[in-house]
Amino acid sequence: MPTSSSYVPPKVWKWESASGGGRWAKINRPIAGATHEKALPVGRHPLQLYSLATPNGVKVTIMLEELLALGKRGAEYDAFPIEIGDGEQFGSGFVAVNPNSKIPALLDRSATPPTRVFESGAILLYLAEKFDAFVPRALSARAECLSWLFWQVGSAPYLGGGFGHFYAYAPEKFEYAINRFAMEVKRQLDLLDKHLANRRYLCGDEYNIADIATYPWYGDMVLNNGYDAADFLDVASYKNVIRWATEIEARPAVERGRRVNMTWGPEALQLPERHDASDFD
Ligand SMILES: N[C@@H](CCC(=O)N[C@@H](CS)C(=O)NCC(=O)O)C(=O)O
(Lines give C-alpha, C1' and ligand atoms only; values in the text may rest on other atoms or scores of the structure.)
Protein backbone atom coordinates (compact mmCIF):
# COMPACT_ATOMS: atom_id res chain seq x y z
CA MET A 1 0.00 0.00 0.00
CA PRO A 2 1.38 3.47 -0.78
CA THR A 3 2.51 5.14 2.44
CA SER A 4 3.26 8.63 1.19
CA SER A 5 1.64 11.18 -1.04
CA SER A 6 2.93 14.06 -3.11
CA TYR A 7 0.42 16.38 -1.41
CA VAL A 8 1.85 18.62 1.28
CA PRO A 9 -0.86 20.59 3.11
CA PRO A 10 -0.23 24.36 2.97
CA LYS A 11 0.06 26.31 6.23
CA VAL A 12 -3.47 27.69 5.81
CA TRP A 13 -6.11 25.84 3.81
CA LYS A 14 -7.75 27.90 1.08
CA TRP A 15 -11.00 27.22 -0.73
CA GLU A 16 -10.50 26.43 -4.36
CA SER A 17 -13.96 25.94 -5.82
CA ALA A 18 -14.95 22.36 -6.72
CA SER A 19 -11.97 21.30 -4.59
CA GLY A 20 -10.78 17.90 -5.67
CA GLY A 21 -13.66 17.18 -8.05
CA GLY A 22 -15.81 14.11 -7.56
CA ARG A 23 -19.57 13.85 -7.22
CA TRP A 24 -21.05 16.61 -4.99
CA ALA A 25 -17.94 18.82 -5.39
CA LYS A 26 -19.97 21.65 -6.85
CA ILE A 27 -22.20 21.99 -3.77
CA ASN A 28 -19.46 21.75 -1.15
CA ARG A 29 -18.56 25.05 0.51
CA PRO A 30 -16.58 25.97 3.63
CA ILE A 31 -19.13 28.59 4.71
CA ALA A 32 -22.64 28.34 6.11
CA GLY A 33 -25.71 30.45 5.36
CA ALA A 34 -27.99 31.24 2.45
CA THR A 35 -26.61 31.86 -1.05
CA HIS A 36 -29.86 33.18 -2.51
CA GLU A 37 -33.34 34.35 -1.63
CA LYS A 38 -35.97 31.68 -2.09
CA ALA A 39 -39.17 31.17 -0.14
CA LEU A 40 -40.34 27.63 0.59
CA PRO A 41 -43.66 26.36 -0.70
CA VAL A 42 -46.34 25.70 1.94
CA GLY A 43 -49.13 23.12 1.72
CA ARG A 44 -52.38 22.76 3.66
CA HIS A 45 -51.29 20.44 6.50
CA PRO A 46 -49.68 21.54 9.77
CA LEU A 47 -46.57 19.43 9.06
CA GLN A 48 -44.37 20.67 6.21
CA LEU A 49 -41.45 18.48 5.23
CA TYR A 50 -38.61 19.76 3.03
CA SER A 51 -36.51 16.79 2.03
CA LEU A 52 -35.33 14.30 -0.57
CA ALA A 53 -35.51 10.49 -0.74
CA THR A 54 -31.94 9.94 0.45
CA PRO A 55 -31.37 7.64 3.46
CA ASN A 56 -31.63 10.58 5.89
CA GLY A 57 -34.72 11.87 4.11
CA VAL A 58 -36.65 8.59 4.02
CA LYS A 59 -36.22 8.09 7.75
CA VAL A 60 -38.76 10.89 8.20
CA THR A 61 -41.17 9.94 5.42
CA ILE A 62 -41.22 6.34 6.71
CA MET A 63 -41.98 7.66 10.20
CA LEU A 64 -44.81 9.87 8.94
CA GLU A 65 -46.31 7.04 6.88
CA GLU A 66 -46.02 4.70 9.89
CA LEU A 67 -47.82 7.25 12.09
CA LEU A 68 -50.59 7.59 9.51
CA ALA A 69 -50.85 3.79 9.24
CA LEU A 70 -51.34 3.76 13.00
CA GLY A 71 -54.30 6.11 12.59
CA LYS A 72 -52.59 9.32 13.77
CA ARG A 73 -54.48 11.72 11.51
CA GLY A 74 -52.51 14.71 12.78
CA ALA A 75 -49.47 13.29 11.03
CA GLU A 76 -50.84 14.24 7.59
CA TYR A 77 -48.10 16.19 5.88
CA ASP A 78 -46.97 18.03 2.79
CA ALA A 79 -43.58 16.95 1.49
CA PHE A 80 -41.62 19.10 -0.94
CA PRO A 81 -38.37 18.05 -2.63
CA ILE A 82 -35.19 20.00 -2.00
CA GLU A 83 -32.78 19.28 -4.85
CA ILE A 84 -29.48 19.23 -2.98
CA GLY A 85 -27.53 18.62 -6.20
CA ASP A 86 -28.81 22.01 -7.42
CA GLY A 87 -28.00 23.80 -4.15
CA GLU A 88 -31.62 24.32 -3.04
CA GLN A 89 -30.55 23.69 0.58
CA PHE A 90 -28.86 27.09 0.45
CA GLY A 91 -32.05 29.03 -0.32
CA SER A 92 -33.05 31.56 2.38
CA GLY A 93 -36.35 29.81 3.18
CA PHE A 94 -34.69 26.45 3.69
CA VAL A 95 -31.87 27.91 5.77
CA ALA A 96 -34.48 29.48 8.05
CA VAL A 97 -35.80 25.97 8.79
CA ASN A 98 -32.39 24.31 8.89
CA PRO A 99 -29.40 26.62 9.39
CA ASN A 100 -27.19 23.57 8.70
CA SER A 101 -28.44 23.43 5.06
CA LYS A 102 -29.10 19.71 4.91
CA ILE A 103 -32.24 17.69 4.34
CA PRO A 104 -34.46 16.64 6.05
CA ALA A 105 -36.09 19.69 7.69
CA LEU A 106 -39.55 19.86 9.23
CA LEU A 107 -41.79 22.79 10.06
CA ASP A 108 -44.70 22.15 12.41
CA ARG A 109 -47.19 24.94 11.77
CA SER A 110 -49.63 23.71 14.42
CA ALA A 111 -47.62 25.72 16.96
CA THR A 112 -47.42 29.53 17.14
CA PRO A 113 -44.86 30.47 16.10
CA PRO A 114 -44.22 27.32 14.02
CA THR A 115 -41.69 24.83 15.40
CA ARG A 116 -38.72 24.10 13.19
CA VAL A 117 -36.91 20.77 13.56
CA PHE A 118 -33.74 19.75 11.77
CA GLU A 119 -31.44 16.70 12.05
CA SER A 120 -33.17 13.44 11.15
CA GLY A 121 -32.77 11.96 14.64
CA ALA A 122 -34.30 15.04 16.26
CA ILE A 123 -37.20 14.95 13.78
CA LEU A 124 -37.90 11.28 14.53
CA LEU A 125 -37.87 11.94 18.26
CA TYR A 126 -40.04 15.06 17.89
CA LEU A 127 -42.66 13.11 15.93
CA ALA A 128 -42.48 10.13 18.29
CA GLU A 129 -43.09 12.40 21.28
CA LYS A 130 -45.74 14.47 19.56
CA PHE A 131 -47.76 11.39 18.62
CA ASP A 132 -46.70 9.14 21.51
CA ALA A 133 -45.67 6.32 19.19
CA PHE A 134 -42.56 4.38 18.14
CA VAL A 135 -40.60 5.36 21.25
CA PRO A 136 -40.94 3.44 24.52
CA ARG A 137 -42.34 5.30 27.53
CA ALA A 138 -40.50 3.30 30.22
CA LEU A 139 -37.23 5.00 31.11
CA SER A 140 -34.88 2.05 30.56
CA ALA A 141 -36.51 0.92 27.30
CA ARG A 142 -36.45 4.53 26.13
CA ALA A 143 -32.75 4.77 26.98
CA GLU A 144 -32.03 1.69 24.82
CA CYS A 145 -34.06 3.13 21.94
CA LEU A 146 -32.34 6.53 22.11
CA SER A 147 -28.92 4.86 22.41
CA TRP A 148 -29.44 3.09 19.09
CA LEU A 149 -30.97 6.20 17.52
CA PHE A 150 -27.97 8.31 18.49
CA TRP A 151 -25.63 5.48 17.46
CA GLN A 152 -27.17 5.55 14.01
CA VAL A 153 -26.87 9.31 13.59
CA GLY A 154 -23.24 9.21 14.72
CA SER A 155 -22.29 6.14 12.70
CA ALA A 156 -23.90 6.73 9.30
CA PRO A 157 -21.39 9.42 8.25
CA TYR A 158 -18.71 6.69 8.29
CA LEU A 159 -20.86 4.69 5.91
CA GLY A 160 -21.96 7.54 3.61
CA GLY A 161 -19.45 10.35 3.98
CA GLY A 162 -16.53 7.98 4.55
CA PHE A 163 -16.95 4.64 2.81
CA GLY A 164 -19.55 5.65 0.21
CA HIS A 165 -17.67 8.78 -0.69
CA PHE A 166 -14.28 7.17 -1.20
CA TYR A 167 -15.54 3.90 -2.72
CA ALA A 168 -18.15 5.36 -5.09
CA TYR A 169 -17.82 9.12 -5.53
CA ALA A 170 -14.21 10.30 -5.11
CA PRO A 171 -12.40 11.13 -8.36
CA GLU A 172 -9.70 8.52 -7.60
CA LYS A 173 -9.59 5.29 -5.61
CA PHE A 174 -7.48 5.97 -2.51
CA GLU A 175 -6.56 2.64 -0.94
CA TYR A 176 -5.88 4.10 2.49
CA ALA A 177 -9.26 5.83 2.73
CA ILE A 178 -11.22 2.88 1.31
CA ASN A 179 -9.48 0.48 3.71
CA ARG A 180 -10.12 2.71 6.69
CA PHE A 181 -13.82 3.14 6.04
CA ALA A 182 -14.47 -0.42 4.79
CA MET A 183 -13.00 -1.62 8.07
CA GLU A 184 -15.31 0.63 10.09
CA VAL A 185 -18.44 -0.14 8.04
CA LYS A 186 -17.82 -3.88 8.36
CA ARG A 187 -17.37 -3.43 12.10
CA GLN A 188 -20.71 -1.59 12.26
CA LEU A 189 -22.45 -4.29 10.21
CA ASP A 190 -20.96 -6.97 12.45
CA LEU A 191 -22.16 -5.06 15.52
CA LEU A 192 -25.71 -4.96 14.12
CA ASP A 193 -25.52 -8.59 13.04
CA LYS A 194 -24.45 -9.78 16.49
CA HIS A 195 -27.01 -7.54 18.19
CA LEU A 196 -29.84 -8.80 15.98
CA ALA A 197 -28.89 -12.46 16.44
CA ASN A 198 -31.39 -12.82 19.28
CA ARG A 199 -33.67 -9.81 18.77
CA ARG A 200 -36.41 -9.21 16.21
CA TYR A 201 -35.80 -5.44 16.17
CA LEU A 202 -32.97 -3.28 17.46
CA CYS A 203 -34.58 -2.81 20.87
CA GLY A 204 -36.31 -6.19 21.17
CA ASP A 205 -39.84 -7.07 20.12
CA GLU A 206 -41.04 -3.55 19.37
CA TYR A 207 -40.30 -1.74 16.12
CA ASN A 208 -39.38 1.87 16.93
CA ILE A 209 -37.51 4.99 15.77
CA ALA A 210 -34.15 3.23 16.20
CA ASP A 211 -35.17 0.77 13.44
CA ILE A 212 -36.72 3.53 11.34
CA ALA A 213 -33.44 5.47 11.47
CA THR A 214 -31.15 2.50 10.85
CA TYR A 215 -32.99 0.64 8.08
CA PRO A 216 -32.50 3.27 5.32
CA TRP A 217 -28.71 3.11 5.80
CA TYR A 218 -27.65 -0.37 6.86
CA GLY A 219 -30.81 -2.15 5.65
CA ASP A 220 -30.57 -0.57 2.23
CA MET A 221 -26.87 -1.40 2.13
CA VAL A 222 -27.43 -5.14 2.66
CA LEU A 223 -30.60 -5.48 0.55
CA ASN A 224 -30.11 -3.09 -2.34
CA ASN A 225 -26.39 -3.11 -3.11
CA GLY A 226 -25.73 0.34 -1.66
CA TYR A 227 -22.75 2.10 -3.29
CA ASP A 228 -22.46 -0.97 -5.56
CA ALA A 229 -20.44 -2.49 -2.75
CA ALA A 230 -22.43 -5.60 -1.85
CA ASP A 231 -19.68 -7.94 -3.01
CA PHE A 232 -16.80 -5.77 -1.82
CA LEU A 233 -18.17 -5.68 1.73
CA ASP A 234 -19.55 -9.24 1.54
CA VAL A 235 -22.88 -8.00 2.89
CA ALA A 236 -24.46 -11.45 2.33
CA SER A 237 -22.59 -12.67 5.40
CA TYR A 238 -24.60 -10.39 7.74
CA LYS A 239 -27.56 -12.76 7.85
CA ASN A 240 -29.34 -11.24 10.86
CA VAL A 241 -29.14 -7.75 9.38
CA ILE A 242 -30.64 -9.11 6.15
CA ARG A 243 -33.47 -10.84 8.03
CA TRP A 244 -34.25 -7.65 10.02
CA ALA A 245 -34.07 -5.38 6.97
CA THR A 246 -36.21 -7.70 4.84
CA GLU A 247 -38.97 -7.62 7.42
CA ILE A 248 -38.87 -3.82 7.66
CA GLU A 249 -38.70 -3.29 3.91
CA ALA A 250 -41.93 -5.29 3.48
CA ARG A 251 -43.95 -2.91 5.66
CA PRO A 252 -46.44 -0.95 3.50
CA ALA A 253 -45.56 2.33 5.28
CA VAL A 254 -41.88 1.76 4.51
CA GLU A 255 -42.69 1.08 0.88
CA ARG A 256 -44.64 4.36 0.71
CA GLY A 257 -42.10 6.37 2.71
CA ARG A 258 -39.28 5.35 0.37
CA ARG A 259 -41.10 6.87 -2.59
CA VAL A 260 -41.80 10.29 -1.11
CA ASN A 261 -39.52 13.04 -2.48
CA MET A 262 -37.95 10.53 -4.88
CA THR A 263 -36.97 12.50 -7.97
CA TRP A 264 -34.81 9.94 -9.75
CA GLY A 265 -34.87 6.24 -10.70
CA PRO A 266 -37.83 4.32 -12.15
CA GLU A 267 -40.66 6.75 -12.88
CA ALA A 268 -43.28 4.49 -11.28
CA LEU A 269 -41.50 4.83 -7.92
CA GLN A 270 -41.06 8.59 -8.00
CA LEU A 271 -43.26 10.86 -5.91
CA PRO A 272 -41.51 14.25 -5.85
CA GLU A 273 -44.27 15.90 -3.77
CA ARG A 274 -46.67 14.28 -1.35
CA HIS A 275 -49.79 16.01 -0.06
CA ASP A 276 -52.32 13.22 0.38
CA ALA A 277 -52.52 9.45 0.73
CA SER A 278 -54.10 9.30 -2.72
CA ASP A 279 -50.85 10.64 -4.24
CA PHE A 280 -49.49 7.09 -4.10
CA ASP A 281 -52.24 5.69 -6.35
N1 LIG B 1 -26.92 14.66 10.41
C2 LIG B 1 -27.86 15.04 9.40
C3 LIG B 1 -27.28 14.72 8.04
C4 LIG B 1 -28.16 15.20 6.92
C5 LIG B 1 -27.47 15.07 5.58
O6 LIG B 1 -26.27 14.79 5.50
N7 LIG B 1 -28.23 15.30 4.51
C8 LIG B 1 -27.67 15.25 3.17
C9 LIG B 1 -28.48 14.32 2.28
S10 LIG B 1 -28.57 12.67 2.93
C11 LIG B 1 -27.69 16.63 2.55
O12 LIG B 1 -28.65 17.36 2.71
N13 LIG B 1 -26.63 17.00 1.85
C14 LIG B 1 -26.54 18.27 1.18
C15 LIG B 1 -25.30 19.02 1.53
O16 LIG B 1 -24.46 18.49 2.29
O17 LIG B 1 -25.14 20.14 1.06
C18 LIG B 1 -29.19 14.32 9.62
O19 LIG B 1 -29.15 13.20 10.14
O20 LIG B 1 -30.24 14.89 9.30
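**Exercise 1. Which residues are closest to the ligand, and how many surround it?**

Step 1. Take the shell: a residue is near a molecule if its C-beta atom, placed from the backbone, lies within 6 Å of it. In this predicted model, 13 residues surround the ligand.
Step 2. The closest are Thr 54, Asn 56, Ile 84, Lys 102 and Ser 120.
Step 3. Sort the shell by class. Ala, Val, Leu, Ile, Met, Phe, Trp, Tyr, Cys and Pro count as nonpolar, Asp, Glu, Lys and Arg as charged, and the others, Gly among them, as polar. The shell has five nonpolar, six polar and two charged residues.

Notes on the model. Numbering starts from 1 along each chain as its sequence is written. The model is predicted: local features need pLDDT of at least 70, side-chain atom pairs count only at pLDDT 80 or more, and totals for chains, interfaces and linings use all residues.

**Exercise 2. Which element gives the most to the side of domain 1 that touches domain 2?**

Step 1. Set the bounds, which come from an automatic or database domain assignment. Domain 1 is 47–134 + 259–280, and domain 2 is 139–250. Their centres, taken over C-alpha atoms, are 22 Å apart.
Step 2. Count contacts (C-beta atoms, placed from the backbone, within 7 Å). Twelve residues of domain 1 touch ten of domain 2.
Step 3. Assign elements: helices (H or I, at least four residues) and strands (E, at least two) are DSSP runs, numbered from the N terminus. On the domain 1 side, α1 (55–69) and α3 (120–131) each give two or more residues. α1 gives the most, with six.
Step 4. By class, this side has eight nonpolar, two polar and two charged residues.

**Exercise 3. At what angle do the axes of α6 and α7 cross?**

Step 1. Fit the axes as lines to C-alpha atoms, for helices over the stretch in contact; angles run from 0 to 180 degrees between N-to-C directions.
Step 2. The axes of α6 (residues 209–223) and α7 (residues 239–249) come within 9 Å and cross at roughly 115 degrees. The helices are therefore roughly perpendicular to each other (65 to 115 degrees; under 35 is roughly parallel, over 145 roughly antiparallel, the rest oblique).
Step 3. List the contact. α6 contributes residues including Tyr 215, Tyr 218 and Val 222, and α7 contributes residues including Ile 242, Ala 245 and Ile 248.

**Exercise 4. Where do Pro 104 and Glu 119 lie?**

Step 1. Pro 104 is in the loop between α2 (92–97) and β3 (105–108). The Ile 103 to Pro 104 peptide bond is cis, with omega near 5 degrees.
Step 2. Glu 119 is in the loop between β4 and α3. Glu 119 is not a glycine, yet has a positive phi of about 80 degrees.

Conventions. Two residues are in contact if their C-beta atoms, placed from the backbone, lie within 7 Å.
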